[in-house]
Every structure is written in structure tokens, then in C-alpha cells.
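Dear colleague,

Please find below the structure I agreed to pass on, together with its sequence. My notes on what was found follow directly after it.

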Amino acid sequence: MPNVRSEYEDFRKIAPDAYELVLALGQVAAKAGLDKQLIELVKLRASQINGCAFCLQHHILLSERIGVPADKLNLVAVWREAPVFSVRERAALAWAEALTLLPDGVSDEVYAEASREFSEAELMYLTSAVASINVWNRFGAAYRWTPAKRPVATNAAAS
């Protein structure tokens, strides 16, 4: 495992203004009413593409807490081949991939698909969610933040 260069908590301490801005950007899509499970799926997919272990683990754990089905979590990496995703989720995942793999830009086809499924405002907020996770991924990958450990279930919770 690569050596950690800094930890997530260090970002908040060292650059609190930058931390707060990135955090706020990541929250606007949900505040605007976009489905939280959908937002988590796009954040997972971008984190997979960017190879950010910290963000991937963080959003897996968060997705589980908000009830994203296990099949979707397990299959988000191969969403095109998996029938568990809705048309809207597929449009969001294609949009997230296009914005994450930006050298090719966003094709007219992906834009048209996303525009059919999302209002103009929703697409702007979805874009903000993708932008925010890509920013977080850059920090997590650059500093090799340690992924969170899965909380240990207590006996009461397990029964």
C-alpha cells in the first residue's frame, strides 16, 4: 500500500476555507432535491474511475446507510451491462463518466440522454455533484488518504 502523504482530517485543518468550499459544492445537489441515492451512485462511479480508495469507501459506506441496494453498489462499475439501473440512473452514470473522463468532452448523445431524464436545473446540480466528487478524488488520490474502516456491528445490531 502506498504511503499516506496526509489524511482527510489534515485538509480541514490546513486549508479550512478550501475544505468548506469543496464540502459545500458536494452538498448543493441534494439540497436542490436530487435523489441522494442517485448522487451516491455517480460519486461511486467517478471515484472508481479516478482510483480514489478513500472516496470510494466513504461513498460505499454512505450509500449503504441511505439504503442503496447492494446489487447497485456491486454492479456500478459495470452499469451498462447490469439491468438493475433505471433509465435515469443510466443517464446520470453516463453523464458522470463523460465529465470525469473529460478529454473527449461530453458527446451530443450523452447530453441528449441526460437532458431527456433531467430538467435543466437538475442537470446543473448533477454536474455540481460530479464536479465535487472529482475535486475530492484529486485530494484523496494526491495525498493517499486512508479509507475508512467499516464500522464493527455490535451483537445487538447483528440480531
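**Helix packing and the largest pocket**

Asn-137 has its place in helix H8; please note that the model is a predicted one. This residue counts as buried because its relative accessible area is 1%, and the cut-off for that class is under 20%. Beyond its neighbours within four places in sequence, Asn-137 is in contact with Ala-46, Ser-47, Asn-50, Cys-52 and Cys-55.

Asn-137 also belongs to the contact between helices H3 and H8. Helix H3 (residues 36–50) packs against helix H8 (residues 120–143) at an angle of about 40°, and their axes lie 9 Å apart. The crossing of H3 past H8 is right-handed. On the H3 side, the contact is made by Ile-39, Val-42, Lys-43, Ala-46, Ser-47 and Asn-50; on the H8 side, the residues include Leu-126, Ala-129, Val-130, Ile-133 and Arg-138. Sorted by class, this contact has 7 nonpolar, 5 polar and 2 charged residues.

The second point concerns the largest pocket, which holds about 460 Å³ of space. It is lined by 19 residues, of which Glu-40, Lys-43, His-58, His-59 and Leu-62 are the closest to its centre. Helix H2 (16–31), H3, helix H4 (53–65) and H8 are the elements that each give two or more residues to this lining. H4 gives the most, with 6 residues. By class, the lining comprises 10 nonpolar, 5 polar and 4 charged residues. Lys-43 thus appears in both parts of this account: in the contact of H3 with H8 and among the residues closest to the centre of the largest pocket.

With kind regards

How values were computed. Residues are numbered from 1 along each chain as its sequence is written. This is a predicted model: local features need pLDDT of at least 70, side-chain atom pairs count only at pLDDT 80 or more; totals for chains, interfaces and linings use all residues. Side-chain values use heavy atoms; hydrogens and water are left out. Axes are lines fitted to C-alpha atoms, for helices over the stretch in contact, and angles run from 0 to 180 degrees between N-to-C directions. Helices (H or I, at least four residues) and strands (E, at least two) are DSSP runs, numbered from the N terminus. A crossing is left-handed if the near helix is turned anticlockwise from the far one by less than a right angle, and right-handed if clockwise. Contact means heavy atoms within 4.5 Å. Ala, Val, Leu, Ile, Met, Phe, Trp, Tyr, Cys and Pro count as nonpolar, Asp, Glu, Lys and Arg as charged, and the others, Gly among them, as polar. Buried means under 20% relative accessible area, exposed over 50%, partly exposed in between (1.4 Å probe, protein chains only). On a 1 Å grid over the protein atoms alone, a cavity is a set of points where a 1.4 Å probe fits but cannot get out, and a pocket is an open set with protein on both sides within 12 Å along at least five of seven lines; lining residues have an atom within 4 Å of a point. Grid points are joined across faces, edges and corners, and a volume is the space filled by probe spheres set on the points.
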